[in-house]
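User: I would like a close look at a single part of this protein, followed by whatever else can be said with care about its surroundings elsewhere in the chain.

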Amino acid sequence: MPFEKLVEALSPERSLAHAPLVQIAYTHQPAALGALPPVPSLSVEAFGREAGGQQFDLALETREDAGGLIAGRFGYALDLFREATVARLAKDYAALLDAVTADPSLRLDAIALVSPEELDRLSAPYPAKPLADAAVHALIAARAAAGPDAPAVICADETLSRAQLEAMANRIAHRLLRLGVEPEARIGIMLPRSGRLIAALLGVLKAGAAFLPLDPALPAERIAAMLKNAGARLVLTHGDRVNLRGVRTLILDDASLGDEPATAPAVTVHPEQIAYVIYTSGSTGTPKGVAVAHGPLSRHCQATAEVYDMDAASRELHVLSMSFDGAHERWITPLIVGGAVVLRGEDVWSAEETLAAIARHGVNNAGFPAAYLRHVAEHAASISAPPPPVRLYSFGGEAMGRAGFELIKSALKPGWLINGYGPTEAVISPLVWKAEAASASVEGAAVPIGRAVGKRRAYVLDGSFNAVPQGARGELYIGGDLARGYLGQPGFTAERFLPDPFAGDGSRLYRTGDIVRLMADGQVEYLGRADAQMKLRGFRIEPGEIEAALAEEETVAEAAAVLKHGPAGARLVAYVTPTPGAAPVPATLRAKLAAKLPAYMVPARILVLAAMPHNSNGKLDRAALPDPIDDAAETIIAPTTELERQIAAIWRDVLKLETIGTDQNFFEIGGDSLAALKVLTALRALLPDRRITVAELFSNQDIRSLAAALTAEAVSGCEVVHLRRSGTQPTLYCFPGLMVNTREYAPLVKHLGEDQPATGFVCYSLAEDKKSVASVEQIARQYADYIRERERGKSCVMLGWSWGGVLAFEAARMLAGEVEVRFIGMLDVCNLDVNFAVGALAEIDEGDRRRLDRRVAEWLARTPMRHDWENLFARMGPKLYTQFLRYLQTIGSDLPSDGPGVGSKEYELWTFLDNTLLYQRYSMQPLDAPVHVWQAEESVRRGLDLVDWRRYSRRVERSVVIPGVTHREIVDAAAFHASFAESLSGRSSG
């Protein structure tokens, strides 16, 4: 068949951009092509391609002369290749030919195409001055001695001078030494972001120990695992941090350290002594602790300061979480050169707040995760005000695309931009890419990751450990200053930390697993991973750790975790197959993962598959895992109010979704913390008179509850009932128990008479359908804000019944110094542990657990509150969920499914569990305030866990047992009314 007929029949897609069959061609012309018969009057001679157009993208033509010499010529498409690139290719090809002709038996993968001299040039770091041998705390101390009054740490309204920071760190170090802390002892640090946190980190280093940063937001199970793996025996914390069982804690405050010397302890630190341990995700299901020594840390920070051009005038904005190793580079580096650190507090900042802080504090250096810096640039581009002048922005954690880079240049107008790259094992950011913003451009899809910093080398190697030529793909290996290895895991250390064949001094290379190439200008360009490891919003995630956690569940036979990319970006998705006879419930699995893993490792979606896709080799085919399909249109609950429609429009724009139901969870349909900040910015523009917080977004994760929260009373953020508006006495504020609307206090207010004004707070569970509040503190803050607005500089009285007593006590703490609380009345206040306290109920055997899980799954399929329950389960720990199953086992009937309406049994159970969860996360701290206590006789007789207020206040001025009443009856009891009136009048007897 003629070729043109075949083309006509097949109708293949044609392109004029390249040759139709091949794009790269090689031809060779031997010396003798065979004798040609003589042709009269015709002269014949060989010729080559000296000029003319090139048919192929790349072509090599060689020819042999009569003497056996071979000459070659490359041809190439000018719009695809640079002359220098083809010249390097020709040189490498000639080196290959030289090697094989010298030894025809040589394996091709044993041929080194890069000479030692070229390898030395390509792997070299940024030029640097000689680095000092001193540890970072010694460098910082020298700066304090040279200029003690200069600012060192600025956080909110607090500024610590160099001398103050140094003295605080020295006192902490002395206390640690007095407690018997030895060299390299791992010390956990769980403190709020403040100057004291920086002092604690320094103090641990000064004592010769190693700090282990702990994020209180992590699940308790993971914190415990990290402490155990690290062998930590002591945690530096303060009063309102979570309780740590089995580990000694040192509460840091000024009073506890006042007796310690302010001078530095006489401790010598060896450069190879461990300075800190940071945990990373582990491929085997267990996080790995990376141990970094003082010498590599100090040399890295000194070299980084030089690359960043930092000096005593530097003022660094610090927003990164201390669980990142990069966060420690960003406070150490400015301090060792005499600069200052502007430290973000505990709250996450919106883009607006970030730019305001930069302007307010005169920040000239600022480092962010790449995605967050893009968000800040988007906000800066949307407003008319010019951006604050910043000399240098740095970013990292994930790829920065060309469009994002150009946006940052135009919207933020920095002087310089730096992209920092590096695994924790290679000590923070061993490679950086630095560019002057005005003239910088990005040729590839993303910003390069740069070249080595400090005492390091960056090698691009093939599978045979040969350096690859410039432009070729290879795996990145880093030599020089590295971490010591993985704490207590020599096998994993040996697997990733390899002997360095290029150094010749016994040092090591770290195998990063990143596929890269060296660009024409010598910078390294990131291309992807050699394994399944993932990066999500700057976090490094090993899917094996998620898969191992899922595989521990009895209902799961096989598990897989991948990143799926959609219009709004990447999200983590997990897939499970069921064990025979089981029915995995995604919400239950997410709840169990949330109790074990950091939030960024909990999949946004979990899909149940009949079977996993496998390739021909029997291995999991991750590329064939299906994309998650969002809820079908018929299940979408449309917005019903104008505000709900406006919020839905914002969510659709941020998440790039066509439809969103009012009951869908923001974080389960693709949202993350950065997307939440974008929503916050849009909501503040929509409602400029309503101060919306990040906590409100995280507490109200569906449109319905968020709209209800935003329409609550603007001044207080809560709903109130005015039990009596008039009167000259200090106002009585009545705090609600569970599922009560404050009208229960009406008989008491009537008994107190016309001169006693009284206001009752509506239980948050009943306020405009508001659900899923983040914490006890958040609820109490709403009530405290309301009181402060009306009573600042005056006095009031508080009364809390049951759960309301805890809220009243916390609100009083928040009002200290602004409102005088004459006394706090505690009306039969019990700990919320009667039925659901951790450890109060027996464990469930696995057979019963499977049956109960199936009952829960069947119930969820029919209850109208399914999304509310799934959200609640996702926030439960495994112990509380086990107790929920135990409750189901003991009630002898099905769970209620009468819907979300106030008064329904189902909503009452949901509210109780929700409040229990909040209470378990709350740690009540002492308060020097007058407390009056009333208890129901029946509660005392039954042994209910009534709060002993003497543990929390030295001023329990009255304690009365009301005879003949139960917990529910006490609020109506005449004896209580009379006794409370006596307290108001100051006649407190009994």
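How many of the 16 residues of H27 are buried?

Analyst: In this predicted model, helix H27 is mostly covered, with 12 of its 16 residues buried. The buried positions are Glu906, Tyr907, Leu909, Trp910, Thr911, Leu913, Asp914, Asn915, Thr916, Leu917, Leu918 and Tyr919. As for the geometry of H27, which covers residues 905–920, a rise of 1.5 Å a residue leads one to expect a span of 22 Å, and the end C-alpha atoms lie 23 Å apart, which agrees.

Turning to a pair of helices, H9 (residues 294–307) packs with H10 (residues 325–336) at an angle of about 70°, their axes being 9 Å apart. The two helices are therefore roughly perpendicular to each other, and H9 passes H10 in a right-handed crossing. On the H9 side the contact involves Leu297, His300, Cys301, Gln302, Thr304 and Ala305, which meet Glu329, Arg330, Ile332, Thr333 and Ile336 of H10. By character, the residues of this contact comprise five nonpolar, four polar and two charged.

A loop completes the account: Pro148 sits between helix H4 (136–146) and strand S4 (151–155), and its relative accessibility of 34% is the reason why Pro148 counts as partly exposed. Setting aside neighbours within four places in sequence, Pro148 is in contact with Ser161, Arg162 and Ala163. Of these, Arg162 is 14 residues from Pro148 in sequence, while the two are 5.1 Å apart in space, C-alpha to C-alpha.

Technical notes. Residues are numbered from 1 along each chain as its sequence is written. This is a predicted model: local features need pLDDT of at least 70, side-chain atom pairs count only at pLDDT 80 or more; totals for chains, interfaces and linings use all residues. Side-chain values use heavy atoms; hydrogens and water are left out. Axes are lines fitted to C-alpha atoms, for helices over the stretch in contact, and angles run from 0 to 180 degrees between N-to-C directions. Helices (H or I, at least four residues) and strands (E, at least two) are DSSP runs, numbered from the N terminus. Angles under 35 degrees count as roughly parallel, over 145 as roughly antiparallel, 65 to 115 as roughly perpendicular and the rest as oblique. A crossing is left-handed if the near helix is turned anticlockwise from the far one by less than a right angle, and right-handed if clockwise. Contact means heavy atoms within 4.5 Å. Ala, Val, Leu, Ile, Met, Phe, Trp, Tyr, Cys and Pro count as nonpolar, Asp, Glu, Lys and Arg as charged, and the others, Gly among them, as polar. The expected span of a helix is 1.5 Å times one less than its number of residues. Buried means under 20% relative accessible area, exposed over 50%, partly exposed in between (1.4 Å probe, protein chains only).
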